[in-house]
Amino acid sequence: MDIQFHKLQKPLTYGAIFIVGGVATLIGNHVLFRHHNLEAMESSQLASNAIVAKVPSSENSDFVTDVVQKDGGAVVRIDSTRTVVNSIPDIFNDPFFGFDAPNLQQKQVVRGTGSGFIFNANGEILTNAHVVSGVDRVKVTLKDGRTFDGKVLGKDRVTDVAVVKIDAQNLPVIRLGNSDRIQVGERAIAIGNPLGLDNTVTTGVVSALGRSGSQVGIPDQQVRFVQTDAAINPGNSGGPLLNRSGEVIGMNTAIIQGAQGIGFAIPINQAKDIAQKLISNGKVEHPYLGIQMVGITPEIKQRIPEDLKVTSDRGLLIIAVQPNSPAAKAGLRSGDVILKANNIDTNKPESLQQKVQESTVGNSLQLEISRNGQPLKLDVQIGSLPDQVES
């Protein structure tokens, strides 16, 4: 019965279409007989409607052009110079070569170029720390051609954020957005000075969120990066990543060598928070444990020496403990396996690192560990990451 029903259904359907079409034709002929000019009028209206449909509405206008015109003036070029002193190798300080050159040194001036953006009308500019680290002079060039000497108010190597100040009035200011609202797939616009090509604009989308420093190839940075396929090249560092509304959602900072269509930006909420601390205090305190660790996997476990007696199939294996660090003072050792932090399982280094970053210097972190197969609990007082001498 079902098969016969389907066999009958198609002819009936086609018949219905034919009949409806026939009625429409008859009615149409009757109307045309009485109003012979109607067909021409309808054709004219259809053509007019087609033309109107092609005209873009204001909602579909080129938002990239709008963003560039509105915010491009607040993006600046940052040129820096620093003097590098190179010592003559000791081998040349030998009578065999016919001269004695004690303490002979060579000085070399190294120049660099990056980007930045004005976020405060008083001349405060956000950029990357690596753009202005160890420099002797900073020169800021606006899009309109004006140049100013810049003063570095502070820089933080852990997040690669720095603030530069120029003495100027009536400056264009860029709007800061909310990076907590970023969605994967939304449009992204990068503005900067890549490869010395000033005021370059590239577009793409937000490709991913929450990339760790280790995933990006810079494990010493405590940032959960925004990934984008908007083209980012050397010289884009410190420039803004904007959404379609012209709000800054990130600060461009990193590329993976040899990769195409993969760039990374510091979420603007974190950059803004770091910037305010740099303006107020000139530095930022970062919570610190002082351990090197790796997540235990079947492959890792096969490589662990038997004398460590690691019986756990999960957790974080401590590879090294920094001398005089909070971890060392609490009694943590190489070979310990961290199973829980504040009663929460820890299976990935990023999870423990995130928990430490969310802590406050001076607070305690309770760790449950396994040492030589035996359970142990230790309290670690979170310290402040020590400063490092700039290279």
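Begin by selecting strand E16 together with strand E17 (residues 337-341), and you will find the two strands paired in the antiparallel sense over 2 bridges. What is on display is a predicted model, and the tour should be read with that in mind. Within this pair, pick Leu316 and look across to E17, where its bridge partner is Ile338.

Keep E16 (residues 316-321) selected and add strand E15 (residues 291-295), which runs antiparallel to E16 and is joined to it by 5 bridges. Here the residue to label is Val294, whose bridge partner in E16 is Leu317.

From Val294, move to Ile300, which is found in helix H7 (residues 298-303). Leaving aside neighbours within four places in sequence, Ile300 is in contact with Val294 and Gly295. Is Ile300 buried or exposed? Its relative accessibility is 19%, so it counts as buried, the cut-off for that class being under 20%. If you draw a C-alpha to C-alpha distance from Ile300 to Asp313, the viewer should give 9.8 Å for a pair that is 13 residues apart in sequence.

Before leaving this region, select Asn342, which lies in the loop between E17 and strand E18 (344-345). Its phi is near 50 degrees, a positive value in a residue other than glycine, and at 34% relative accessibility the residue counts as partly exposed.

A second residue with positive phi can be visited in another loop. Select Leu195, in the loop between E8 and strand E9 (200-211), where phi is near 55 degrees although the residue is not glycine. Leu195 has a relative accessibility of 60% and therefore counts as exposed.

Now turn to the interior. In soluble globular proteins, nonpolar side chains tend to be buried together. In this model the largest nonpolar core has 29 residues, and those with the most contacts inside it, which make a convenient selection, are Phe117, Leu126, Val161, Ile189, Leu242, Met251 and Ile266. The elements that give two or more residues to this core are helix H3 (63-71), strand E2 (105-120), strand E6 (161-165), strand E8 (187-192), strand E12 (247-255), strand E13 (263-267) and helix H6 (268-281). Of these, H6 gives the most, with 5 residues.

Take strand E13 next and colour it by accessibility: 5 of its 5 residues are buried, and the strand is mostly covered. E13 has pairing partners that can be shown in turn. With strand E10 (residues 225-228) it pairs in the antiparallel sense over 3 bridges, and in that pairing Thr228 stands opposite Gly263. With E12 the pairing is again in the antiparallel sense and runs over 5 bridges, with Gly250 standing opposite Pro267 of E13.

Stay on E12 and select Asn252, which has its place in that strand. What is its relative accessible area? The value is 0%, and Asn252 is buried. A polar atom of its side chain lies 3.2 Å from the backbone oxygen of Pro240. Not counting residues up to four places away in sequence, Asn252 touches a set that includes Asn128, Ala190, Ile232, Pro240 and Phe264, so displaying these side chains as sticks gives part of its surroundings.

Helix H3 is another contributor to the core, giving two or more residues to it. Select Phe63, Val64, Val67, Val68 and Asp71, which are buried in H3. Why do they fall on the same side of the helix? They cover an arc of only 135 degrees around the axis, which puts them on the same side of H3. At the start of H3, show also Asp62, a side-chain oxygen of which reaches to within 3.2 Å of the backbone nitrogen of Val64.

A further stop is Arg82, found in strand E1 (residues 75-87) and partly exposed, with a relative accessible area of 29%. Arg82 and Ser133 are 51 residues apart in sequence, yet 9.0 Å apart in space, C-alpha to C-alpha.

Finally, zoom out to the whole protein chain, whose secondary structure comes to 9 helices and 21 strands. Of its 391 residues, 36% count as buried. Among contacts between residues at least 6 apart in sequence, 64% join residues at least 24 apart. The chain exposes about 23,100 Å², of which carbon and sulfur atoms supply 51%.

Methods
Residues are numbered from 1 along each chain as its sequence is written. This is a predicted model: local features need pLDDT of at least 70, side-chain atom pairs count only at pLDDT 80 or more; totals for chains, interfaces and linings use all residues. Side-chain values use heavy atoms; hydrogens and water are left out. Two strands pair if DSSP finds at least two bridges between them. Helices (H or I, at least four residues) and strands (E, at least two) are DSSP runs, numbered from the N terminus. Buried means under 20% relative accessible area, exposed over 50%, partly exposed in between (1.4 Å probe, protein chains only). Contact means heavy atoms within 4.5 Å. A nonpolar core is a set of buried Ala, Val, Leu, Ile, Met, Phe, Trp, Tyr and Cys residues joined through side-chain atoms within 4.5 Å. The arc is that of the directions from the helix axis to the C-beta atoms. A polar contact is a pair of N or O atoms within 3.5 Å; within protein, one must be able to donate a hydrogen and the other to accept it, and residues adjacent in sequence count only if both atoms are side-chain atoms. Accessible areas come from the Shrake-Rupley method with a 1.4 Å probe; for residues, only the protein chains shown count as cover.
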